[in-house]
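Hi everyone, thanks for coming. I'd like to walk you through one protein model, step by step, so please have a look at the screen.

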Amino acid sequence: MTGDRYARLADIEWWDQDEVRGAHAVVAGAGALGNEVLKNLLLLGWGTITVVDLDRVEAGNLSRSVLYRPSDVGAPKVDAVVRAAGELNPDCRIDVIADDLRVGLGAGLLHRADVVLGCLDNVTARVALGQLAGQAGVLLIDGGLTTWEGALRLYLPPDGPCYVCGLTDDDLRDLTLRHSCLAYRVRAESARGIPTTPTVAATVGAAMVQQAMRWLSRDRHDMTVPIGHELRFDLAYDRFWQVGIPVNPDCPLHPTPVLPAATPVSSGADRWVDILDRWRAALADGEAVLRLPLPVLRGWTCPGCGRQDAVHRAHPGDRPERCPACAAEVALDLVDQIDGTQQWHRLSPYATGFPRWSWVEAYGGGEARVFELAEPAGPDGAAAAPPGRAGKDGD
Ligand SMILES: [Zn+2]
Ligand SMILES: [Zn+2]
């Protein structure tokens, strides 16, 4: 029985297995580091684990990824995680999103979680996750690996640093460009990745989950790595130490937690035009618009063969797309707001690829208000239950 499985943990002085069973972690990235983080969360019996990753398992992952087997090669990583999680600990509920985290994660999902664990390998994804977690007001434990070094950092803005605070001038220049031009192309960020080892991944992954456990029981002891600090590991010389992360007072993207408006209620299955009408009434402004958390790809034009197509799907904006006929890179037609004038505004957020609990901004009458796209009401009129600890913290 499950009671026996956790018996040795229950003897730990500050341990509360019911607290762990009720906890919800979001894990972004299921590579070498994500595998170690997931393994530990599963062994500890975290109740709900949301995993987001777009990639498929490759043979090269098998040397560093404890959850994957040769038979998983070619399968989506999240499918392999579901299989492995069922074998390792069927008590845990695994919720997977096989998508770019920018498209797959609504801020409201992070808002419902106890902690977000970043297991990513590039700047663009880290910036996006940091913005979402900061807006949602949830602790982000961000891990990173090099060949023999690793680090974890704890972020909970607006107090203390955010991920963008620590970026270099070059990184910030790229970000400025990115935010002023949706067509900005992401730099080729170590497409093949830097070499990493299972030992460094295991060290950093374990420390990340240790901090997540401490955060969960923070009413009973201090954090050993304070928020706004970094724990660094150097396995070439077997040293580890902590440093404070400086706040950048000129940080261009420093996030602030948002509390979404309670009314008017709209669901992800409602039509955009109806959601817009509700907000135009609420803001008493017939010209109000909806600002989207990520762009919609209306369509594309191929410069090679002239082919065009309509799409109407949420899109990260900086991901290149190729023509299905001639393989040339196509020109993307992206928009980031809804004004009710387009035919596709009669589609719903879900039909246009937005995830559940996305946070959208209504702008009109000189004010901006963020609201959440609720789950559609079920046949009995009740909204579908959110994952994890529903209703905690009064949300
Ligand atoms: Zn910042
Ligand atoms: Zn073409």
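I'll go through a sheet and its helices, then a second group of strands, and finally a cavity. One thing to keep in mind is that this is a predicted model.

Let's begin with the sheet. It is an open sheet of eight strands, with mixed pairing, and the strand order reads 3-2-1-4-5-6-7-8. So which strands stand at the edges? They are strand 3, residues 93-97, and strand 8, residues 239-244. Each has a single partner strand, so one side of each is left without a neighbour in the sheet. From one strand to the next, the twist averages 15°.

If you are new to sheets, here is the general idea. The strands of a sheet pair through backbone hydrogen bonds, and the pairing is either parallel or antiparallel.

Now look at the strand 8 end. Strand 7, residues 229-234, pairs with strand 8 over six bridges, in the antiparallel sense. To find one of these on your screen, pick Leu231: its bridge partner in strand 8 is Gln242.

Next, the helices on this sheet. Helix 4, residues 32-44, packs on the sheet and touches strand 1, strand 2, strand 3, strand 4 and strand 5. The direction of helix 4 makes about 165° with that of strand 1. Helix 5, residues 77-88, lies across strand 2 and strand 3, and runs at about 175° to strand 3.

Let's move along the chain to strand 10, which covers residues 289-301. Which strands does strand 10 pair with? Strand 11, residues 308-314, is joined to strand 10 by five bridges. Strand 12, residues 331-338, is joined to strand 10 by seven bridges. Strand 13, residues 359-364, pairs with strand 10 over three bridges. The pairing is antiparallel with strand 11, with strand 12 and with strand 13.

Here are some partners you can click on. Val296 has Ala314 in strand 11 as its bridge partner, Thr301 has Ala331 in strand 12, and Arg291 has Glu361 in strand 13.

There are two hairpins to point out here. Strand 10 and strand 11 form a hairpin with six residues between them, and Gly306 in the turn has a positive phi of about 80°. Strand 13 and strand 14 form a hairpin too, with two residues between them; in that turn, Gly365 has a positive phi of about 55°. Strand 14, residues 367-374, runs antiparallel to strand 13, and six bridges join them. Tyr363 is a nice residue to follow: Val289 stands opposite Tyr363, and Tyr363 stands opposite Ala368 in strand 14.

Last topic: empty space. Rolling a probe the size of a water molecule over the atoms shows where empty space is left. Here the count comes to two cavities of 30 Å³ or more. I'll show you the second largest, with a volume of about 40 Å³. Its lining includes Gly130, Ala133, Tyr155, Cys162 and Pro255. Which helix gives the most to this lining? That is helix 8, residues 123-136, with three residues. By class, the lining has eight nonpolar, two polar and no charged residues.

To finish, compare the lining residue Pro255 with Gln210, which lies in helix 10. The two are 45 residues apart in sequence and 25 Å apart in space, C-alpha to C-alpha. At 38% relative accessibility, Gln210 counts as partly exposed. Thanks for listening!

How values were computed
Residues are numbered from 1 along each chain as its sequence is written. Chains are lettered from A and ligands numbered from 1 in the order in which they are written. This is a predicted model: local features need pLDDT of at least 70, side-chain atom pairs count only at pLDDT 80 or more; totals for chains, interfaces and linings use all residues. Side-chain values use heavy atoms; hydrogens and water are left out. Two strands pair if DSSP finds at least two bridges between them. Helices (H or I, at least four residues) and strands (E, at least two) are DSSP runs, numbered from the N terminus. Axes are lines fitted to C-alpha atoms, for helices over the stretch in contact, and angles run from 0 to 180 degrees between N-to-C directions. Contact means heavy atoms within 4.5 Å. On a 1 Å grid over the protein atoms alone, a cavity is a set of points where a 1.4 Å probe fits but cannot get out, and a pocket is an open set with protein on both sides within 12 Å along at least five of seven lines; lining residues have an atom within 4 Å of a point. Grid points are joined across faces, edges and corners, and a volume is the space filled by probe spheres set on the points. Ala, Val, Leu, Ile, Met, Phe, Trp, Tyr, Cys and Pro count as nonpolar, Asp, Glu, Lys and Arg as charged, and the others, Gly among them, as polar. Buried means under 20% relative accessible area, exposed over 50%, partly exposed in between (1.4 Å probe, protein chains only).
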